[in-house]
Amino acid sequence: MHDIRIPVGPQHPALKEPESFRLALSGEKIMEASVRLGYNHRGIEKACEERTYIQDLYLIERICGICSHAHSTCFLQAVEEIAGLEIPRRAAYIRTVIAELERIHSHLLWLGVAGHEVGFDTLLMYSWKDREIVLDLLAQMTGNRVNYGINTIGGVRRDITAALAKEVIKGIDTLEKRTGYYIEVARQEPTLINRLSGVGVLSRQDVLSLGAVGPTARASGVVRDVRKDDPYAAYGELDFDVITDKHNDVYGRTLVRLKELLESYKIIRQALDDMPQGQLAVKAPRKIPAGEALSRYEAPRGEDVHYVKSNGTDKPERVKVRAPTLANIQTVALMLEDRYLADMPIVVAAIDPCFSCTDRLISLKQEHRRRRVTRWEELRVYGIEWYRRRGVDFSRLNGNFKL
Amino acid sequence: MSEEERIREGLLKRFSSLEGKIRLQRAKRLFADVPCDDFTAALEYASRELRFQMLLTITGLDEGENLGFIYHLAREDGITLNLKISVKKDGPGIRTVTPYFPGAEIYERELVDLLGARIEGLKEGRRYPLPDDWPEGQYPLRKDWNTKALKDKEANKNA
């Protein structure tokens with residue numbers, strides 16, 4: 001028998017979409033967790049059927065504010081396959097550079113959020129300051145910090161000039177040094193290791209049966225990366241490693257994302273060095289011939305899947321999108337069970353769902369039927385305090401690390 | 001013989017009904033139209049014998065009188081097998097694939113909500129992705145559905 005049942009959400013700033021959890025607690029332990037999704041379903045798939053391919057491109061880019069290039073590229077790969085368009089090699093390289101810059105921006109964002117959820121706010125301040133470097137680069141290259149609009153059917157809309165490439169390399173050099181420092185912190189700082197180890201455990205078998213993707217899968221020892229398994233854009237011509245880890249927990253997910261940053265720098269350097277000359281796009285027809293295609297893309301959070309069916313008109317018959325968070329969210333309930341309530345914020349954050357800044361509420365139903373309302377912020381503080389009492393305290397750290 | 005061709009041969013040897021229904025669209029992409037009677041066996045064969053251990057997602061299609069479902073399966077080497085099945089809209093529906101892919105639950109709930117699919121064996125649970133008070137019989141991804149029809153229905157109810 002469980003003592004308390006609490007709903008968490010649906011207004012839930014840890015996630016791109018509002019989402020609700022039902023938790024059954026026995027004391028401080030979560031005995032059962034169930035997830036309800038869909039609060040932010042916007043009907044984009046239906047809307048795509050009523051718009052032209054080029055309109056859909058801009059709509060699809062707005063599925064996610066962080067992985068926007070991921071979605072637009074994934075959609076275009078399907079459309080281009082149906083239309084039989086081969087994009088110029090230079091365009092494939094430019095798509096790859098933007099994709100990796102997006103991954104860097106996303107992983108640095110995650111690192112800050114993870115730091116914040118466990119009370120290590122110095123890490124948040126540092127990593128988000130560094131993230132500005134990559135956002136500024138993206139703005140210089142595409143005109144936007146997010147939702148870059150670099151893609152078009154048949155290629156890309158903007159070139160990367162030699163001067164711009166030099167700027168990118170400069171930024172990457174700085175970020176590589178900073179990433180080296182974060183890896184050192186993650187490997188050596190006992191407070192961080194103790195706080196994240198054994199939390200949010202997901203076995204290799206669970207990953208395989210639930211179909212988890214991205215860093216969540218790779219941190220449980222599953223070698224799964226579309227960039228290698230089913231190469232797209234320029235990845236087939238570039239040298240990089242798939243990072244995996246065997247910790248199976250939040251600590252492992254942290255190491256995987258940090259080391260993936262180094263691989264991204266490596267990819268960008270090669271892509272800029274080897275960038276072929278040539279045009280940026282081939283001419284695409286307005287009407288796409290009847291056909292179907294399945295497109296896969298390794299977004300920062302894991303595999304993004306788009307299926308497009310065309311009917312010979314300028315509008316698609318069907319567009320189906322499976323974002324990585326949907327594949328990973330089913331693991332969260334499993335990771336929460338038999339764990340402490342204080343671990344919930346970091347466990348949810350560790351799959352790297354997209355974050356928004358809305359407030360969220362949890363309502364505690366107490367034995368004598370009085371209701372108490374706890375804000376997410378209070379739950380976060382509760383988690384930090386709970387660990388502080390057990391000796392995991394980041395506030396003692398500040399000042400100990402020299403840059 | 002390429003790996004993709006070996007997979008096609010394997011499927012054909014086991015299921016004669018697939019003759020002429022397997023299409024190799026490009027490297028790493030196989031599409032197959034599977035007759036209803038063979039579907040569960042084909043899915044089991046693909047996942048257990050041909051090592052398609054990942055279900056990427058399930059796409060639902062409104063095909064007029066029928067509902068189509070494409071099961072996008074993938075292997076570690078990046079080959080995807082897209083198994084398609086069509087059933088009558090007013091027929092008995094399809095069987096759940098959660099015994100083979102536990103992660104399929106959320107994808108199947110999506111088919112139930114958005115296309116009105118009937119999925120036998122799908123366990124009770126919270127719906128996805130439509131709201132709890134969404135009117136019954138309104139399936140947004142059906143081709144004859146639009147927001148106007150929904151608004152009219154709501155207006156009639158209120159009047």
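**Notes on the predicted model: core, domains and chain contact**

1. A good place to start is the largest nonpolar core of this predicted model, which has 152 residues; A:Val79, A:Val347 and B:Leu83 touch the most other members. Helix α4 (residues 89–117) of chain A gives the largest share of this core, 15 residues. Both domain 1 and domain 2 of chain A contribute, each with at least three residues. As general background, nonpolar side chains in soluble globular proteins tend to be buried together.

2. It is worth centring your view on A:Val347. Leaving aside residues up to four places away in sequence, A:Val347 touches A:Val199, A:Gly200, A:Val250, A:Val332, A:Met335, A:Leu336 and A:Arg339.

3. Now to the domains. Chain A is split into domain 1 (4–40 + 326–388) and domain 2 (44–195 + 222–238 + 262–325), and their centres, taken over C-alpha atoms, are separated by 30 Å. Where they meet, domain 1 of chain A brings 16 residues and domain 2 of chain A brings 17 residues. On the domain 1 side, α12 (324–336), α13 (344–350) and α14 (376–388) each supply at least two residues. That side is made up of twelve nonpolar residues, one polar and three charged.

4. The contact between the chains involves 24 residues of chain A and 26 residues of chain B. Which elements of chain A give two or more residues to this side? They are β3 (29–36), α1 (44–49), α8 (204–210), β7 (302–310), β8 (316–322) and α12. By class, the chain A side has eight nonpolar, seven polar and nine charged residues.

5. A:Arg145 may also catch your eye; this residue lies in the loop between α5 (121–142) and β4 (151–152) of chain A. Is A:Arg145 buried or partly exposed? A:Arg145 is partly exposed because 15 other C-beta atoms lie within 10 Å, and a residue needs 20 or more to be buried. Apart from residues up to four places away in sequence, A:Arg145 touches A:Leu135, A:Leu138 and A:Ala139. A:Ala114, by contrast, is 31 residues from A:Arg145 in sequence and 22 Å from A:Arg145 in space, C-alpha to C-alpha.

6. Finally, a word on confidence. Chain A has a mean pLDDT of 89, with 91% of its residues at 70 or more. Please keep an eye on residues 355–369 of chain A, where the pLDDT is below 50. This stretch nonetheless has 38 contacts in the model beyond near neighbours in sequence.

Technical notes
Residues numbered from 1 in each chain as written. Chains lettered and ligands numbered in written order. Predicted model: local features only at pLDDT ≥ 70, side-chain atom pairs only at ≥ 80, totals over all residues. Domains from an automatic or database assignment. Contact = placed C-beta atoms within 7 Å. Helix = DSSP H or I, 4+ residues; strand = E, 2+ residues; numbered from the N terminus. Nonpolar A, V, L, I, M, F, W, Y, C, P; charged D, E, K, R; others polar. pLDDT = per-residue confidence, 0-100. Core = buried A, V, L, I, M, F, W, Y, C linked by C-beta atoms within 7 Å. Buried ≥ 20, exposed ≤ 12 C-beta atoms within 10 Å, placed from the backbone.
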